[in-house]
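Me: I'm new to this one. Can you walk me through it?

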Amino acid sequence: METVSEQKSNLLEQFTETRDRTLKLVETLEKDDFVVQTAPFMSPPKWHLGHVSWLFEIVMNKTIKNYKIYSQEFNEYLNSYYHQFGEPHDKDKRGMATRPTVDEVLEYFHIISHKVADVLQNDLLDNKTCQLYFMAIHHECQHQELLVYDLQHLLAGRYRPVTANPLPVPSQQELNSVRIDGGLYSMGYSGNQYCYDIELPEHKVYLNDYKIDVFPITNGQYLEFMEDGGYNDFRYWLSDGWDKVQNDKWNAPMYWEKVDDVWMTNDFLGKREVRPNEPVCHVSFYEADAYSKWAGKRLPTEAEWEKAACWDEKTQTKTVFPWGNKPPDINRANLLESYLWNCTEIGAYPNGKSHYGCHQMIGDVWEWTSSEFTGYPGFKSGFSEYNDKWFANQKVLRGGSFGTPSISIRGSYRNFFRLDERWLFSGFRCAEDI
Ligand SMILES: [Fe+2]
C-alpha cells in the first residue's frame, strides 16, 4: 500500500496530466462548437469543462473549512444529477444556455485548476481526502471519454485532433473461441491503486465451463446478421428491444447509412465505407443480445468476461490487465492516448492479449455483458449518488474503448449504460456454454 505522501505526489501528477488532456481535446474547437447540444443524450463541450471543475469544487467544499463556492449560478448549471447539492439543471437543456459564457467557463476551469494544484501541493491530506481527489480525477477522465463521444456526434470528420496517429497493422485475424474452465473465480479489483467503489469487494462467484470469442464481433460478422434479416425477425429480440427496432426504425448500428447499396458510417475518419475487420461499434445491448441469439451463442456475464481477461491459469493468479500488471501502453491497447480516433482492426494488438489468448479486451470498444449493473455483495458506497443510484435498468460493459484515458481502465472496471444507448463506443464478443 502506498503512503499518503506517495499518494499525494501521484495525485498531483495525475491531476495535472488529466487537466492538460481535457484542454487538448478542445484546443482546436471553434467557440460555436462549445455551446451546441446536438442530441438530448450528449452535452456541449462547455458543460463538460465546467462540470468536471465543479466536482473538484464539491470535493474542496467537503474537505476545506469555510470553503466558498465560486458561483451559485455555475453551481446550478454544472450540477449533473446530484440532488444533495441542489436542483440539477435539465440535462437535455444544457445546450440552451448561453450563460455562463464559454470564456467564463474556461476562466473557471483555470481558476479551479490552480486552487486544486495548490491544495495538492501544500495541504496535509488524510487518506480519505486523497481518495476523494482521486475520484474527481477519474470522474474527469470519464467525462473526457463522454466528450469524445459528443465531439464525434457534433463534428464527426470535421473534428481536428491535436494528435492523430496512423492505425496499426493487424497480425492474426482467425476468428475462433477459447475454452475456459469453470469453478470458483474471485471477481473484483485486486490491485493497490485507485478503483471505484463498484469494483469492490472482491468476492467469489461460481462459473460453469464456457467458451468465449478471441476477438470482438466484427462489422463483417454483424453484416451477416443484418443481411440474414436480423432486424426484421422478432425471434432474435428481447421484447423491449423489438419495440425499439419498430419505434425507432433501427436497421443498422448508429451512424450507419446505406448509400448506393454500400453501408457507410460517419465518424472521426469522416463518411466512409464500413470496414469488415473492425469491431462493430455503436450497438445497443439489445442489438448485441439479438446478434448473439442469431449466432446461436450468448453474451458473457461480467464474471466470465473478467476471468477471460485477467485470470492466468498457469500461475493461478489474477492480473490487473490482460497482459499482466503493467499499466496500458500504445503497443498493448487502443485507448484515448493512442490518439487513433477509431477502432483498430481485430488482431492489431497481439501484445495486449490475455493469458487465455483473447485479443483487444482492453481498448477499441466497450463490450456489453449480460450482467445487470448492481452492487457486489458487501458493496459500500464511496460517494453518495455517484454510482449506486444507477443500480437499476442498466447493463455492465467491460474493457474500455478508443476514447478511454489509460489511467481509467483496468480488468475490473465496470461501465454501465441503459440497454438502448448507442452513442458510446460499444461492441461485444460472444460466449457459449460447453
Ligand atoms: Fe459527471
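Reply: Sure, we can go over the pockets, a helix and a strand. Keep in mind that this is a predicted model.

Me: Pockets, then. How much space lies in the largest pocket?

Reply: About 870 Å³. It has 36 lining residues, and the closest to its centre are Y81, K91, L146, F417 and W423.

Me: Which elements give two or more residues to that lining?

Reply: Those are α2 (45-63), α5 (127-155) and β12 (415-417). The most comes from α5, which gives eight residues.

Me: And how do the residues of that lining divide into nonpolar, polar and charged?

Reply: There are 17 nonpolar, 12 polar and seven charged residues.

Me: OK, what about the second largest pocket, how much space lies in there?

Reply: About 620 Å³. It is lined by 28 residues, with Q131, Y194, C195, D197 and G382 the closest to its centre.

Me: Which element gives the most to that lining?

Reply: That's α5, with six residues. By class, the lining of the second largest pocket has 11 nonpolar, 12 polar and five charged residues.

Me: Switching to helices. What should helix α4 span, going by its residues?

Reply: Helix α4 covers residues 102-122, and at 1.5 Å a residue its 21 residues should span 30 Å. The C-alpha atoms at its ends are 30 Å apart, which agrees.

Me: Which residues in α4 are buried?

Reply: V102, V105, Y108, F109, I112, S113, V116, V119 and L120. Looking down the axis of α4, these buried residues fall within an arc of 140 degrees, so they line one face of the helix.

Me: Why would residues three or four places apart point the same way?

Reply: Because an α-helix has 3.6 residues a turn.

Me: Which residues are exposed on the other side of α4?

Reply: H114, Q121 and N122 are exposed there.

Me: Now a strand. Which residues of β1 are on its covered face, and which on the uncovered one?

Reply: In β1, which is residues 177-180, V178 and I180 make up the covered face. S177 and R179 are on the uncovered face.

Me: So the two faces take turns along the strand?

Reply: That fits the general pattern, as side chains in a regular strand alternate between the two faces of the sheet.

Me: How many bridges join β1 to β4, and how do the two run?

Reply: Four bridges join them, and the strands run antiparallel. Strand β4 is residues 210-213.

Me: What stands opposite R179 in β4?

Reply: K211 does.

How values were computed
Residues are numbered from 1 along each chain as its sequence is written. This is a predicted model: local features need pLDDT of at least 70, side-chain atom pairs count only at pLDDT 80 or more; totals for chains, interfaces and linings use all residues. Side-chain values use heavy atoms; hydrogens and water are left out. On a 1 Å grid over the protein atoms alone, a cavity is a set of points where a 1.4 Å probe fits but cannot get out, and a pocket is an open set with protein on both sides within 12 Å along at least five of seven lines; lining residues have an atom within 4 Å of a point. Grid points are joined across faces, edges and corners, and a volume is the space filled by probe spheres set on the points. Ala, Val, Leu, Ile, Met, Phe, Trp, Tyr, Cys and Pro count as nonpolar, Asp, Glu, Lys and Arg as charged, and the others, Gly among them, as polar. Buried means under 20% relative accessible area, exposed over 50%, partly exposed in between (1.4 Å probe, protein chains only). Two strands pair if DSSP finds at least two bridges between them. The expected span of a helix is 1.5 Å times one less than its number of residues. The arc is that of the directions from the helix axis to the C-beta atoms.
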